[in-house]
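Dear colleague,

I am passing on the structure we spoke about, and below it you will find my notes on what turned up inside it. Please read them with the structure open beside you.

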Amino acid sequence: MAKILLQGNQAIALAAIKAGMKFFAGYPITPASEILHELTNKKEVKVLQMEDEIASVNAIIGASLAGVKSMTATSGPGFSLMQESIGYAHMMEVPLVIVNVQRVGPSTGMPTFPAQGDILQCKYGSHGDYFPIVFYPNSVDELYKYTITAFNAAEESLSPVILLSDGYVGHLYETIETVDYPVSERAMAPLGTSNRHFTGLTHEDSKPATSNPEVHKKLIKHLETKQKKVSKKYNDYEYIENNSSDTLLIAYGAMSRASYNFKDDYSIFRPIRIFPIVEKIKEIAKKYKEIIVMEMNTGQYKSEVEKLLHREVKLVPILGGKIDLQDIWGGLRRLKRGK
Amino acid sequence: MTRKLTYLNYLKQDLLPTQWCPGCGNGIVLKLACQSLEELNFPKKGTVVVSGIGCAGRSAGFFNLDSVHTAHGRAIPVAEGIKLANEKLNVIVISGDGDLLGIGGNHLLHASRRNTDISIICIANAIYGMTGGQYSPTTELGSKTLTTPSGNTDTPIDVQALIKAHNCFYARSTTYHLKHAMKCMVEALKHRGLSFAEIKTQCITNDGRRRGFKNGYEMLMYYKDNYKINNNSNELKHNEIGIVG
């Protein structure tokens with residue numbers, strides 16, 4: 001254990017090495033590039049700067065299948081490019097960690113400003129049905145911890161795990177203690193040891209089965225069950241209860257740091273494993289007359305929470321990358337007045 | 001006289017016959033690839049075949065060794081990741097021209113710059129066969145396909161120039177010239193660094209029949225009559241096949 005001053009993105013890079021990552025492929029992008037920089041010249045890791053994010057995610061798929069823990073890091077535009085291959089990795093059950101340091105979108109948007117616009121993209125970005133595990137820490141200390149957690153969850157679920165961050169937390173400097181968190185080892189046999197066939201086609205026992213609905217149903221069920229089972233180990237959240245409040249604020253990532261300013265007036269719930277949504281929220285929500293999600297988008301997590309709780313959830317959207325307490329207050333007051 | 005059939009060890013014979021159409025050339029390339037592996041005595045454990053999407057992309061699944069069937073166009077970056085993660089593996093890419101030169105073209109460009117030690121066998125049938133016969137990056141000028149009913153007006157990609165520009169290995173052959181095609185593959189597999197063997201392969205169902213060929217045999221005869229072997233050149237002409245090295 002040591003105390004060091006680190007930037008959020010640096011913490012991800014160092015934690016990945018601690019988790020046993022041996023291969024990193026990436027493409028330069030603001031505000032995630034520091035992860036690539038930090039890993040370059042680290043003797044423990046083979047680092048490849050690829051021609052684009054599609055190549056990056058596919059290179060780590062190959063490396064992971066070949067037996068080494070692998071990661072890539074990007075921001076919204078690159079994350080969009082990776083989507084097809086993320087679904088592919090779910091289908092082939094390849095453990096990966098994909099870091100997305102979010103910036104304002106859509107499109108090129110505001111590259112240097114933080115946002116939380118990729119929440120639904122994490123869950124629904126690729127075609128077909130798949131069941132990702134997504135972590136979203138809110139401090140440098142947590143980025144370190146949850147990078148290792150993400151690697152562990154990936155190895156245990158044999159699937160790509162998304163580590164979300166944002167331009168704010170990613171560029172934040174904080175002093176952290178580098179705790180020796182437990183690390184899950186690789187269980188899957190590497191390529192070159194058998195005669196398996198890995199394919200993105202619907203398959204059973206290493207063989208494509210593209211015209212059998214039963215095989216497909218079974219496969220999708222298997223992916224779902226696996227995610228549920230593994231994510232149970234990581235029911236991570238933060239709950240700050242305020243007994244005098246009948247309203248629960250839900251916030252995550254950069255916005256959750258701002259939400260702490262309102263704890264005298266509201267209870268606060270911060271999911272850390274944002275997908276699948278921590279079930280505990282169902283129980284906690286029952287105590288509150290009102291639930292408000294504050295997030296840096298137009299209601300992406302709100303819609304997911306509503307779906308889970310089967311009740312109305314209100315929204316304070318903060319757009320444009322600037323987190324201003326006056327704006328949040330304004331939003332909360334407007335909701336109080338019923339507007 | 002008994003013929004040596006030991007190359008069959010490299011095939012998952014229980015999956016045969018393949019799903020390819022009668023007259024298709026993919027099976028020829030598959031067999032030659034297995035024979036090349038045998039010739040070089042590549043161990044099944046220690047060799048990985050990677051393919052992309054399309055008819056040719058289905059090749060990987062027939063090899064009796066660990067294989068990866070990637071997303072469309074992504075065989076090369078996946079293969080690079082495999083090779084860089086474990087340099088002891090022989091990593092072979094087998095895929096079509098649409099996959100490797102069209103949707104995956106950018107990866108080939110950059111993989112050849114990196115000169116990653118992978119061998120690429122390109123089943124170049126000049127058509128998107130699986131989707132019904134649309135023109136591909138190697139379709140000849142003037143060729144009639146589903147999407148070029150008046151003849152193709154796009155210049156076919158000069159993959160030889162691309163590969164040679166980065167000092168990688170290039171060879172070209174056809175499915176008619178069996179021994180020559182195998183020699184190209186063997187040399188490509190032996191090469192240290194990135195190698196690219198382009199094998200002109202007939203697709204009768206979704207290409208040849210629209211261009212007046214009656215069957216796969218006639219297309220093979222076309223290769224016989226139109227391609228001349230030239231193994232002593234630094235640059236193959238349009239109608240030449242050979243090993244440029």
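**The enclosed cavity**

The largest cavity is lined by A:His90, A:Phe131, A:Ile133, A:Ser157, A:Ser159, A:Leu223, A:Lys226 and A:Gln227. Please bear in mind, here and throughout, that this is a predicted model. The space in this largest cavity comes to about 40 Å³, and the count of cavities of 30 Å³ or more is 1. Helix H8 of chain A gives the most to the lining of the largest cavity, with 3 residues, and the lining as a whole divides into 3 nonpolar, 4 polar and 1 charged.

**The two domains and the largest pocket**

Chain A is divided into domain 1, which covers residues 3–233, and domain 2, which covers residues 237–336. The C-alpha centres of these two domains of chain A lie 26 Å apart, and 31 residues of domain 1 are in contact with 24 residues of domain 2.

Where does the largest pocket lie with respect to domain 1 and domain 2 of chain A? Both domains give residues to its lining, so the largest pocket lies between them. It holds about 570 Å³ of space and is lined by 24 residues, of which A:Lys123, A:Gln227, A:Lys228, A:Pro276 and A:Ile277 lie nearest its centre. A:Gln227 also appears in the lining of the largest cavity.

In chain A, helix H5 (119–124), helix H8 (213–231), strand E16 (273–275) and helix H11 (300–309) each supply at least two residues of the lining of the largest pocket, and the largest share, 4 residues, comes from H8(A). By character, the residues of this lining divide into 9 nonpolar, 5 polar and 10 charged.

**The second largest pocket**

The second largest pocket holds about 410 Å³ of space, and of the 21 residues that line it, A:Gly87, A:Tyr88, A:Met91, A:His127 and A:Gly200 lie nearest its centre. Helix H4 (76–92) and helix H8 of chain A each supply at least two residues of this lining, with the largest share, 5 residues, coming from H4(A). The lining of the second largest pocket divides into 8 nonpolar, 11 polar and 2 charged.

**The nonpolar cores**

In soluble globular proteins, nonpolar side chains tend to be buried together. Of the 79 residues in the largest nonpolar core here, A:Tyr301, B:Val50, B:Val68 and B:Ile82 touch the most other members. Helix H3 of chain A, residues 53–65, gives the most to this core, with 7 residues, and the core draws at least three residues from each of domain 1 and domain 2 of chain A.

Two of those members can be followed a little further. Leaving aside its neighbours within four places in sequence, B:Ile82 is in contact with A:Gly62, A:Ala63, A:Ala66 and A:Leu191 in chain A, and with B:Val48, B:Val50, B:Val68, B:Leu89 and B:Val91 in chain B. A:Tyr301, for its part, is buried in H11(A), as are A:Gln300, A:Lys302, A:Glu304, A:Val305 and A:Leu309. H11(A) is followed by A:His310, whose phi is positive, near 55°.

With best wishes

Note on methods:
Residues numbered from 1 in each chain as written. Chains lettered and ligands numbered in written order. Predicted model: local features only at pLDDT ≥ 70, side-chain atom pairs only at ≥ 80, totals over all residues. Heavy atoms only, no water. Core = buried A, V, L, I, M, F, W, Y, C linked by side-chain atoms within 4.5 Å. Buried < 20%, exposed > 50% of the residue type's maximum accessible area, 1.4 Å probe, protein only. Domains from an automatic or database assignment. Contact = heavy atoms within 4.5 Å. 1 Å grid on protein atoms, 1.4 Å probe; cavity = no way out; pocket = protein on both sides within 12 Å on 5 of 7 lines; lining within 4 Å. Points joined across faces, edges and corners; volume = space filled by probe spheres on them. Nonpolar A, V, L, I, M, F, W, Y, C, P; charged D, E, K, R; others polar.
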